[in-house]
Amino acid sequence: MKILFLFFTDPQRAFSSSVAALSAIVREAGHEPLALEVFRKYRIDHVARHIDDLQPDVVGVSSMTRDWPGASALLARLGCDPYIVVGGYHASLAPQDVATCATVDAICIGEGERPLRSLLAELDGGARDLATRPGLWVRQSEGWTDPVPPADPVPDIASLPWWDYEVFGEVTQIIDAGINTFGPLADGYLPTRAGRGCPFTCAYCSAPRWGKLQNFADRGKRNTRPVADLCAELASLRDRYTPEGFEFWDEHFPLQIEWLRELAEHYPARVGLPFKVEMHPSAASRERLALLAEAGCVLFHCGIEAGNEDFRRDVLNRRTPDAKLQQVFDDCRELGLETSASLMTMLPGETRTHTRSTTDLLHRLRPDSFMWSTYHPLPGTVLGDAAVARWPTPARETFDDYDEVHTRTPPLVDATERSETFLELGALQGQLVQLAAERRGDDHRLRARPVEIPMPKRPVPAKLATLLGLAPPDAELERARANMASFEQGVLRVEIEHPAFAPQEIRVAPLDGSRHFIEAGRVGLSYRGREAPPALLETLRGIATVLGETELDELRDALS
């Protein structure tokens, strides 16, 4: 059978750890795995036609919460009739939401290796009417009549096959393209994992609920790979694909001191390549950091999340005090470990004072790089379950074209304060990326990551309205008028109002191969939704004519 795995990316990255793990199961069972990266800027209908051309027997979807509106719209538009199974965090923690998609046949609850193996065995034998079982909730002829099952009992992690990297294509080319996450540069590090689960209970994170679902705390379960097995795989990957090093994508790198000592003893001789890890700062004792450095670790990443210590503790359940964070980063510097941090903005109840404290903390900690994101509530989390009554409905035209989640606990910042926060973080991040690029010189595998500073929605300035050929927000509604605009992830979004139609959002994006309704000289224009009023289409044609050879950067600058 032909098994097609879909995974969603933004920014684009031709790798998914979930697909790598499950593809190994497919090969082991004697079937053909395929992997399809779906960039969230793609048009849904275009991807649906591509899948129809592939004619898969089974479609497996690995979906996070932000991806599900687009994924559900895609599955509903397929012309072929594969058996469709959806897994991942959103499917496991909000299965009833996934069950609203009429074309889904089964939902994987928890880790998917063993449920997938049993599913493929039955489908290969000709069965189509399958029974619900641990780890797999199956739609029956009358609908989702069975109760949601528990997760499948997780096997010993050492019994699972090694990841399949070749399902994504030519592995050396993928490595050269840069699929790493940690650090300021895209480099030649290859993702891998040493264990599963996280012992911490952060209020915004899906890992605690996932851990309870899988009962990772059961001391009878082995969730950390034996050092010998890990080193054997990494030595094999080193010889086959010649990566620069390895990047561990564990939810939390193993903590056991004896395991770390064994790693420090055997990894340098058996593998010998540098590696990067992620660990909760509360677990980053001097002893653990020293053992990581001895083993060959070159970068330590941890989440700091927010700068105000009380806010971190009381809202996020992150109980690492500022003094401990400072000690961790100081220890790393003394041990020769590069440091990387992650944080979130626009958190529930966050104020401008809080966001300033985050920037202040970054200046005190002095990480070599950091990455930041805008908070998004997740099902099965303390903060998400308290804030969201209903998750977004299916996307419209592109995979990211859906209404934002309505939250009962928004941040307490206005548009100006949001913009100031983004500018502060973006400027600091850009400085660190530039410094890192200068330190590393002319290595062809290293490229500085682009730093984008999102611009939140604001009234359209007169200069931008003129460039678009539209009336400014304060004009009488006699023709097409630009009201609000934002710039995020390389796309300018503009709300247009017109005497002939209700306010509509249009998008102006680079000509990067994606499909647009109409193209100007340098940018493409599209609209939200599948159908548009004739007056809106005529307005878009007029904007394209006025834009001519105008660059997207010029439009972004006019917004700022």
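**Exercise 1. Find the strands that helix 9 lies across, and work out how they pair.**

Start with the helix. In this predicted model, helix 9 (residues 227-241) lies across strand 8 and strand 9. Its direction makes an angle of about 135° with strand 9.

Now look under it. Strand 8 and strand 9 (residues 245-248) pair in the parallel sense, and four bridges hold the pairing. To get the register, pick Leu190: opposite it, in strand 9, stands Phe246.

**Exercise 2. Trace the open sheet from one edge strand to the other.**

First, write down the order. The open sheet has six strands, arranged 8-9-10-11-12-13, and the pairing is parallel.

Next, pick out the edges. Strand 8 (189-192) and strand 13 are the edge strands, since each of them pairs on one side only. Then check the twist, which averages 20° from one strand to the next.

A quick reminder before you go on: strands of a sheet pair through backbone hydrogen bonds, either parallel or antiparallel.

**Exercise 3. Describe the strand 12 and strand 13 end of the sheet, helices included.**

Step one is the pairing. Strand 12 (residues 338-345) runs parallel to strand 13 (residues 369-374), and six bridges join the two. For a landmark, go to Met344, which has Ser373 of strand 13 opposite it.

Step two is the connection. Put helix 14 (residues 352-365) between the two strands and you have a β-α-β unit, right-handed. On the way from helix 14 to strand 13 you pass through a loop that holds Arg366. Have a look at its backbone: phi is near 55°, a positive value in a residue other than glycine.

Step three is the other helix. Helix 16 (residues 415-440) lies across strand 12 and strand 13, and it runs at about 155° to strand 13.

**Exercise 4. Work out how helix 1 packs on helix 6, and which residues do the job.**

Geometry comes first. Helix 1 (residues 17-28) packs on helix 6 (residues 113-124) at an angle of about 35°, and the axes are 10 Å apart. The crossing is right-handed.

Then list the partners. Helix 1 brings Ala21, Leu22, Ile25, Val26 and Glu28, while helix 6 answers with Glu113, Leu116, Arg117 and Leu120. Sort them by class and you get six nonpolar, no polar and three charged residues.

**Exercise 5. Do the same for helix 11 and helix 13.**

Take the axes of helix 11 (residues 286-295) and helix 13 (residues 322-335): they come within 10 Å and cross at roughly 30°. This crossing is right-handed.

On the helix 11 side, the contact residues are Arg286, Leu289, Ala290 and Ala293. On the helix 13 side, they are Val328, Asp331, Cys332, Glu334 and Leu335. Count by class and the contact has six nonpolar, no polar and three charged residues.

**Exercise 6. Hunt down two backbone oddities, one at Pro11 and one at Glu305.**

For the proline, head to the loop between strand 1 (2-9) and helix 1, where Pro11 is found. The peptide bond joining Asp10 and Pro11 is cis, with omega about 10°.

For the glutamate, go to strand 11 (residues 297-305), which includes Glu305. Glu305 is not a glycine, yet its phi is positive, at about 65°.

Is Glu305 buried or exposed? The cut-off for buried is under 20% relative accessible area. Glu305 has 8%, so this residue counts as buried.

Methods:
Residues numbered from 1 in each chain as written. Predicted model: local features only at pLDDT ≥ 70, side-chain atom pairs only at ≥ 80, totals over all residues. Heavy atoms only, no water. Axes fitted to C-alpha atoms, helices over the stretch in contact; angles between N-to-C directions. Left-handed = near helix turned anticlockwise from the far one by under 90°. Contact = heavy atoms within 4.5 Å. Nonpolar A, V, L, I, M, F, W, Y, C, P; charged D, E, K, R; others polar. Pairing = 2+ DSSP bridges. Right-handed = clockwise from strand over helix to strand, strands pointing away. Buried < 20%, exposed > 50% of the residue type's maximum accessible area, 1.4 Å probe, protein only.
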